[in-house]
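The following exercises concern one protein structure. Each consists of a task and a solution that proceeds step by step.

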Amino acid sequence: MPKVSCGMPVYNAERYLREAIDSILGQTFEDFELIVCNDGSTDGSEAILKDYVRKDTRVKLLDRSDNRGLIATRNELLAAMTGEYCAVMDADDIAMPDRFERQAAFLDANPDHVLVGSRILLIDPDGHPMCALGIKETHEEIDAWHMEGHSGAALCNPTIMMRTQAARDVGGYEDGTACAEDYDLFLRLAEVGKLATLPDVLLHYRQHLSSVGYKRNLEQRN
């Protein structure tokens, strides 16, 4: 079994998909599997994914013709993972080459932590840098932010790596949440262990009009 399982939900992501996958396959940490779930894409995403499966044995494909949505897809990926640690990755972002190496080392060295994220660099649709975001780093800062009920999570979901069993034990992503499913998961994980954010940028987080953050901005603030 690999040390790290990375789950990537895919829905009509052909424009950025190859760049996202290549950023995972180019990790300096090599003991991982990449599980991608095609959630009923109607563009060229399926063909791209099947091409990667043929070329790289680390890539596993969960393929279906019906669209079940992001939360169901994330939970299906979590159920399929075999690694001790599970990493989240979106199909339009770019992981830095040392992301897995840094995060796996942190979890190895801190057995009381169940999750670690990282800072992000916001990029525009064409990949040009916008700004780096400062995010809460320690468990105490993260937990306080969440318990105070701020409108956004103190962690960026596409950056996180979790202990796979801990994520399963707390029930994964909650099906009943229309959005902010990551915020809900972070609250439940904080009840069984500590959360942290590494201070360095390990992910380029793409901003565009079809992203969840834009489409559901008002919902996520309520």
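**Exercise 1. Asn 75**

Task: Determine whether Asn 75 is buried or exposed, and state which residues surround it.

Solution. Step 1: Asn 75 has a relative accessibility of 19% and therefore counts as buried; buried means under 20% relative accessible area, exposed over 50%, and partly exposed in between (1.4 Å probe, protein chains only).
Step 2: Asn 75 belongs to helix H3, which covers residues 70–80. Helices (H or I, at least four residues) and strands (E, at least two) are DSSP runs, numbered from the N terminus.
Step 3: Apart from residues up to four places away in sequence, Asn 75 touches Gly 172, Tyr 173 and Asp 175; contact means heavy atoms within 4.5 Å.
Step 4: A polar atom of the Asn 75 side chain lies 2.8 Å from the backbone oxygen of Tyr 173.
Step 5: The buried residues of H3 are Ile 71, Thr 73, Arg 74, Asn 75, Leu 77 and Leu 78. Their cover includes strands S1, S2, S3 and S4 (85–88), together with helices H6 (164–169) and H7 (181–189).

This is a predicted model, in which residues are numbered from 1 along each chain as its sequence is written. Local features need pLDDT of at least 70, side-chain atom pairs count only at pLDDT 80 or more, totals for chains, interfaces and linings use all residues, and side-chain values use heavy atoms, with hydrogens and water left out.

**Exercise 2. Confidence in the model**

Task: State the mean pLDDT of the protein, and identify where pLDDT stays under 50.

Solution. Step 1: pLDDT is the predictor's confidence in each residue, from 0 to 100.
Step 2: The mean pLDDT of the protein is 90, and 91% of its residues reach 70 or more.
Step 3: Over residues 213–222, pLDDT stays under 50, and the model has 16 contacts beyond four places in sequence for this stretch.
Step 4: Where pLDDT is low, the predicted coordinates should not be read in detail.

**Exercise 3. The overall form**

Task: Explain why the protein is described as being as compact as a globular protein of its length.

Solution. Step 1: The protein contains nine helices and nine strands.
Step 2: Its radius of gyration is 16 Å, close to the 17 Å given by the globule rule for 222 residues, so the protein is as compact as a globular protein of that length. The radius is taken over C-alpha atoms, and the rule is 2.2 Å times the number of residues to the power 0.38.
Step 3: Along the principal axes, the C-alpha atoms fill a box of roughly 45 × 40 × 35 Å.
Step 4: Of the 222 residues, 51% count as buried.
Step 5: Among contacts with a separation of 6 or more, 77% are between residues 24 or more positions apart.

**Exercise 4. The two sides of helix H2**

Task: Determine which residues of H2 are buried and how they are arranged about the axis.

Solution. Step 1: In helix H2 (residues 45–55), the buried residues are Ser 45, Ile 48, Leu 49, Asp 51 and Tyr 52.
Step 2: Viewed down the axis of H2, these residues fall within an arc of 155 degrees, so they line one face of the helix. The arc is that of the directions from the helix axis to the C-beta atoms.
Step 3: The face turned away from the buried side carries the exposed residues Ala 47 and Arg 54.
Step 4: The buried residues of H2 pack against S1 (4–10), H1 (14–25), S2 (32–39) and S3 (59–64).
Step 5: Ile 48, for example, has 10% relative accessibility and so counts as buried. Leaving aside neighbours within four places in sequence, Ile 48 is in contact with Glu 14, Leu 17 and Arg 18.

**Exercise 5. Arg 206**

Task: Establish which polar partners the side chain of Arg 206 reaches.

Solution. Step 1: Arg 206 is found in strand S9 (residues 194–206).
Step 2: With 2% relative accessibility, Arg 206 counts as buried.
Step 3: A polar contact of 3.1 Å joins its side chain to that of Glu 19. A polar contact is a pair of N or O atoms within 3.5 Å; within protein, one must be able to donate a hydrogen and the other to accept it, and residues adjacent in sequence count only if both atoms are side-chain atoms.
Step 4: The side chain of Arg 206 also reaches the backbone oxygen of Pro 125 at 3.1 Å.
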